[in-house]
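Let's take a walk through this protein, one piece at a time. Have a look at the fold first, and then read on.

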Amino acid sequence: TCALPISTGGGKSIIPVLICNRLIASNVDRICWVAPRRSLAIAGTRTMAANGIELMHGQNDIRPARGTKGYACTYDLIAANPELHAHEFETARYALVLDEFHHIACPRPGQSLDGYVWYRSIEPLVERAAFVVLMTGTMERGDKNPMAFIDYGSHGLPDRKETKETRHFSYPRTQALADGNIVPVEFHHLDSAGTYIDQNGMRCDYSTLKIEDQSCSRDALFTA
């Protein structure tokens, strides 16, 4: 397993290309690139195609790779038919790339698996894969639940300790900025007046979005 927290825009999409160029034939036969959204899965197939590697945009059909170097799909697609993909991973040595894997929460010790659909669907693939790559732009979930397939220390943070089977590599935003691979983000504060309908069907008017001046500003922003 290789965990790669890489800043957004830092070049995560080239990692599966490197896997294909360096590991296919010697260590793996095919690659499965899984992303949280269909647009990211399609972008994955295009990135591979631009580097001369054909991946299928996966569907829940028998033989999703269809004679190519593998397939790209979404977590939802696998969750819709996990048995099919688990069986596919038994037909070849797969490299499993989990893009933005922080979207996959896992239960805390002693907690039920109910509700953790993506985790239950992806775990059999992790167990069967010859090589697993965990890619993300953040090592923390907004809901503070633990991310799947990584260890946590006693302090409650991801454990970066390396083992014989696991390696951690990082490419933080500060380094990406220094290398010129991403550009600084500029934040501009905007204000407006407007009208919205609240959850009770009532019309609400506001003159500013400054929270300290308007009690309904938060509701207005979430409605937008």
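**A helix and its neighbours**

The buried residues of α1 pack against β1 (2–5), β2 (30–35), α2 (38–50), β5 and β6 (131–136). Contact here means heavy atoms within 4.5 Å, and buried means under 20% relative accessible area, with exposed over 50% and partly exposed in between (1.4 Å probe, protein chains only). Helices (H or I, at least four residues) and strands (E, at least two) are DSSP runs, numbered from the N terminus. Helix α1 itself covers residues 14–23, and its buried residues are Ile-15, Pro-16, Val-17, Ile-19, Cys-20 and Leu-23. Just after α1 you'll meet Ala-25, which takes a positive phi of about 90 degrees.

A quick word on what you're looking at. This is a predicted model, where local features need pLDDT of at least 70 and side-chain atom pairs count only at pLDDT 80 or more, while totals for chains, interfaces and linings use all residues. Residues are numbered from 1 along each chain as its sequence is written, and side-chain values use heavy atoms, with hydrogens and water left out.

Now step back to the whole protein. It has 7 helices and 9 strands, and its C-alpha trace spans about 65 × 45 × 40 Å along the principal axes. Of the 224 residues, 41% are buried. Take the contacts between residues at least 6 apart in sequence: 59% of them join residues at least 24 apart.

Next, try helix α5 (residues 117–128). Which of its residues are buried? They are Tyr-119, Ser-121, Ile-122 and Leu-125. Seen down the axis of α5, these buried residues fall within an arc of 165 degrees (taken from the directions from the helix axis to the C-beta atoms), so they line one face of the helix. The cover over them includes α3 (75–80), α4 (82–88) and β5 (94–99).

Then there are a couple of backbone oddities. Most residues other than glycine have a negative phi. Arg-66, though, has a positive phi near 50 degrees without being a glycine. You'll find Arg-66 in the loop between β3 (56–57) and β4 (70–74), where it counts as partly exposed at 38% relative accessibility. Glu-100 is also not a glycine, and has a positive phi of about 50 degrees. Its home is the loop between β5 and α5. Is Glu-100 buried or exposed? Glu-100 is buried, with a relative accessible area of 17%.

Another loop to visit is the one between β6 and β7 (167–168), which holds Lys-144. With a relative accessible area of 54%, Lys-144 is exposed. Lys-144 and Ala-105 are 39 residues apart in sequence, yet 9.3 Å apart in space, C-alpha to C-alpha.

Let's finish with a pair of strands. Strand β8 (residues 194–197) runs antiparallel to β9, and 4 bridges join them; two strands pair if DSSP finds at least two bridges between them. One of the links is between Thr-195 and its bridge partner in β9, Asp-205. The two strands form a hairpin with 5 residues between them, and Gly-201 in the turn has a positive phi of about 80 degrees. Strand β9 (residues 203–206) has two faces: Cys-204 and Tyr-206 make up the covered one, while Arg-203 and Asp-205 are on the uncovered one.
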